[in-house]
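Please work through the exercises below with the structure open beside you, and try each task before you read its solution.

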Amino acid sequence: DTNLFTSLNAGSGTGDTLNLDNSALSLAASGKTISGFETVNLKNGSTLTLDNILLPLGDAQDDAAGTGFNIDQDSTLALKQSADTQFGSHISGAGTIAASTGGNTFDFTSNNATNSFTGTLALTDSTFGLDGLNTKALTHATLLAGTDSRVTVADGVQQIGGLNFDGGTVVFDTGTPGDTVAKGLVQTSGLMDISGRGTVEI
């Protein structure tokens, strides 16, 4: 029962872990606060919602090496943002990161370049460039282009774990007007499912 506390501080030192097990917790700029944890585990259908905040982990709140979110296949880390968002926390597991930015950009940082995350980045109402660090972060993960999301594929081969559609748009650049061959290409090591609702724009 997440109503049991208003502030949860793990104190100093390494190895502090917060386990959410079949639980739902929402954190915003005001209200409940959590600090000092190096690891957050989401399991058995848990949902952690970050409402217009992010939750940098570790005593220094800098998402240092050895910190991170572990999201199991039935759980969700929901990022409800209303501005450009750079997500710098380390991630692992096979669950879902549900990101919505109010039509602004969502990006990963260099912390995610060697992720072991095998789950799904489910984008809604967001723009996302499939290139560079964003591509590296999804090397083993699936990108779901959800409602009102717009994914722009950079030039060259973008290798990710999977690609699915659920109302979003994936844009390929042809460069010169009139060209019919895109400069960018998405290759997936897993499933590319284009049976869902969505748009491919060239």
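The exercises that follow concern a predicted model, and each is given with a worked solution.

**Exercise 1. Strands and their neighbours**

Task: Find the order of the strands in the open sheet of 4 strands, and explain why β2 and β10 each have one side without a neighbour in the sheet.

Solution: Begin with the order, which is β2-β5-β7-β10, with parallel pairing. Next look at the edges, where β2 (17–21) and β10 (91–93) stand, each with a single partner strand, so that one side of each is left without a neighbour in the sheet. Direction ignored, neighbouring strands of this sheet are turned by 15° against each other on average. Then take one pairing in detail: strand β7, residues 68–71, runs parallel to β10 and is joined to β10 by 3 bridges, and within this pairing F69 has I91 of β10 as its bridge partner.

**Exercise 2. Pairings of β18**

Task: Determine how many bridges join β18 to β15 and how many join β18 to β21.

Solution: Start with β15 (residues 142–146), which runs parallel to β18 (residues 162–166) and is joined to β18 by 5 bridges; here T142 has G162 as its bridge partner in β18. Continue with β21 (residues 192–193), which is joined to β18 by 2 bridges, again with the strands running parallel. In this second pairing, L163 stands opposite M192 in β21.

**Exercise 3. The core and its aromatic rings**

Task: Identify which residues have the most contacts inside the largest nonpolar core, and classify the ring pairs F69 with F87 and F108 with F128.

Solution: The largest nonpolar core has 42 residues, and those with the most contacts inside it are L48, F69, L121, F128 and L143. For L48, once neighbours within four places in sequence are left aside, the contacts include L20, L42, L55, F69 and L77.

Turn now to the rings, for which a search of the whole structure finds 6 aromatic pairs. The rings of F69 and F87 have centres 6.5 Å apart and planes at 35°, so this pair is tilted. Since F69 lies in strand β7 and F87 in strand β9 (residues 85–87), the pair ties together parts that are 18 residues apart in sequence. F69 counts as buried at 1% relative accessibility, and F87 counts as buried at 2%.

The rings of F108 and F128 have centres 6.4 Å apart and planes at 90°, so this pair is edge-to-face. The pair links distant parts of the chain, with F108 in strand β12 (residues 106–108) and F128 in strand β14, 20 residues apart. F108 is buried, with a relative accessible area of 4%, and F128 counts as buried at 2% relative accessibility. Finally, ring pairs link F69, F87, F106, F108 and F128 into a cluster.

**Exercise 4. Two loop residues**

Task: Decide whether A60 is buried or exposed, and whether S126 is buried or exposed.

Solution: First locate A60 in the loop between β6 (47–51) and β7. Its relative accessibility is 58%, and A60 therefore counts as exposed, because exposed means over 50%. Between A60 and A24, which are 36 residues apart in sequence, the C-alpha to C-alpha separation is 25 Å.

Then locate S126 in the loop between β13 (120–124) and β14 (127–130). S126 has a relative accessible area of 1% and is buried, because buried means under 20%. A polar atom of the S126 side chain lies 2.8 Å from the backbone oxygen of T124. Not counting residues up to four places away in sequence, S126 touches several residues, among them A99, N104, D148 and R150.

Key:
Residues are numbered from 1 along each chain as its sequence is written. This is a predicted model: local features need pLDDT of at least 70, side-chain atom pairs count only at pLDDT 80 or more; totals for chains, interfaces and linings use all residues. Side-chain values use heavy atoms; hydrogens and water are left out. Two strands pair if DSSP finds at least two bridges between them. Axes are lines fitted to C-alpha atoms, for helices over the stretch in contact, and angles run from 0 to 180 degrees between N-to-C directions. A nonpolar core is a set of buried Ala, Val, Leu, Ile, Met, Phe, Trp, Tyr and Cys residues joined through side-chain atoms within 4.5 Å. Buried means under 20% relative accessible area, exposed over 50%, partly exposed in between (1.4 Å probe, protein chains only). Contact means heavy atoms within 4.5 Å. A polar contact is a pair of N or O atoms within 3.5 Å; within protein, one must be able to donate a hydrogen and the other to accept it, and residues adjacent in sequence count only if both atoms are side-chain atoms. Rings of Phe, Tyr and Trp (its six-membered ring) pair if their centres lie within 6.5 Å; planes under 30 degrees apart count as stacked, over 60 as edge-to-face and the rest as tilted.
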